[in-house]
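Open the model in your viewer and keep the sequence panel beside it. The tour below goes from the whole chain to a strand and then to a residue.

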Amino acid sequence: MLYEVHNRPLPVLICKLNQGESVECQKGAMSWMTPSISMQTGLGSGGGKGVLGALGKMAKSAVTGESIFRNTYTATTGPGEIAFASTFPGDIISFDVGANQIIAQKSAYLASTPGVNMELAFTGGKKFGGILGGEGLIMQKFTGSGTVFLEIDGCVYNYQLAAGESMLIDTGYLAAMEATCSMDVETVKGIGNIIAGGEGLFNTKVTGPGKIWLQTMPGNVLADAIRPYIPTSSN
């Protein structure tokens, strides 16, 4: 399968499938496709079988905000092309899942090749850093083998952290990290910094070894930026 990402910062992922090739996505993620491609709805790769598999997917869906179902699109009558447009201004980036397992923010998943599994990742650490740091105690972990495409809010910047090397990240700016990294919380020091600094009480601390991907415009930051320009209804 060949793929390209076009038209940032409102990107679209274009996948070109040979006959017999497939790609999976969340419910409603497909934007357009050629008639040679057919759709099948199910639990997707790693969904498990029978009632237990469905219950497991329901549990993941409840806490990650993703749909319990995935749509599988297959080029059946010849080569085809399918597009997945972003739901938020930003970027779409690809990750090769295999030797490197990826942990990402909730609702980041856009599409993947068959063989990529989505699991729950509990990232709180001993201080419940996920909750206090604003990244969410539960994130998404991608395992298996293949390519996964994730939506990033704003632009993306990455760092390769060495073993023991850390980065302090403000709320919401952590988009993804390799599973070899660990995440915890660090309290902002100084009462004056807490009251007047505007950065909140906590930062997310991510420690290597591993690669991290940071995003420049989390959804809450964009919402705060445009809120003054939204007319309010008058009674």
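Show the surface first: the chain exposes about 11900 Å² (Shrake-Rupley method, 1.4 Å probe), and carbon and sulfur atoms supply 58% of that area. This is a predicted model, in which local features need pLDDT of at least 70 and side-chain atom pairs count only at pLDDT 80 or more, while totals for chains, interfaces and linings use all residues. Residues are numbered from 1 along each chain as its sequence is written, and side-chain values use heavy atoms, without hydrogens and water.

Switch to cartoon. The chain has four helices and 19 strands (DSSP runs, numbered from the N terminus: helices are H or I of at least four residues, strands E of at least two). Of its 235 residues, 43% are buried (under 20% relative accessible area, 1.4 Å probe, protein chains only).

Next, select residues 174-178, strand β16. Five of the five residues are buried, so β16 is largely enclosed by the rest of the structure. Add residues 102-104, strand β9, which pairs with β16 in the antiparallel sense over three bridges (DSSP pairing requires at least two). Ile102 has Glu178 of β16 as its bridge partner. Then add residues 210-215: this is β19, also antiparallel to β16 over three bridges. Here Ala176 stands opposite Trp213.

Keep Trp213 displayed and select Ile93, in strand β8 (residues 90-97). Ile93 is buried, with a relative accessible area of 14%. Beyond its neighbours within four places in sequence, Ile93 is in contact (heavy atoms within 4.5 Å) with Val148, Phe149, Leu150, Ile152, Val156 and Trp213. Finally, pick the C-alpha atoms of Ile93 and Leu13: they are separated by 9.1 Å, although 80 residues apart along the chain.

Notes:
Buried means under 20% relative accessible area, exposed over 50%, partly exposed in between (1.4 Å probe, protein chains only).
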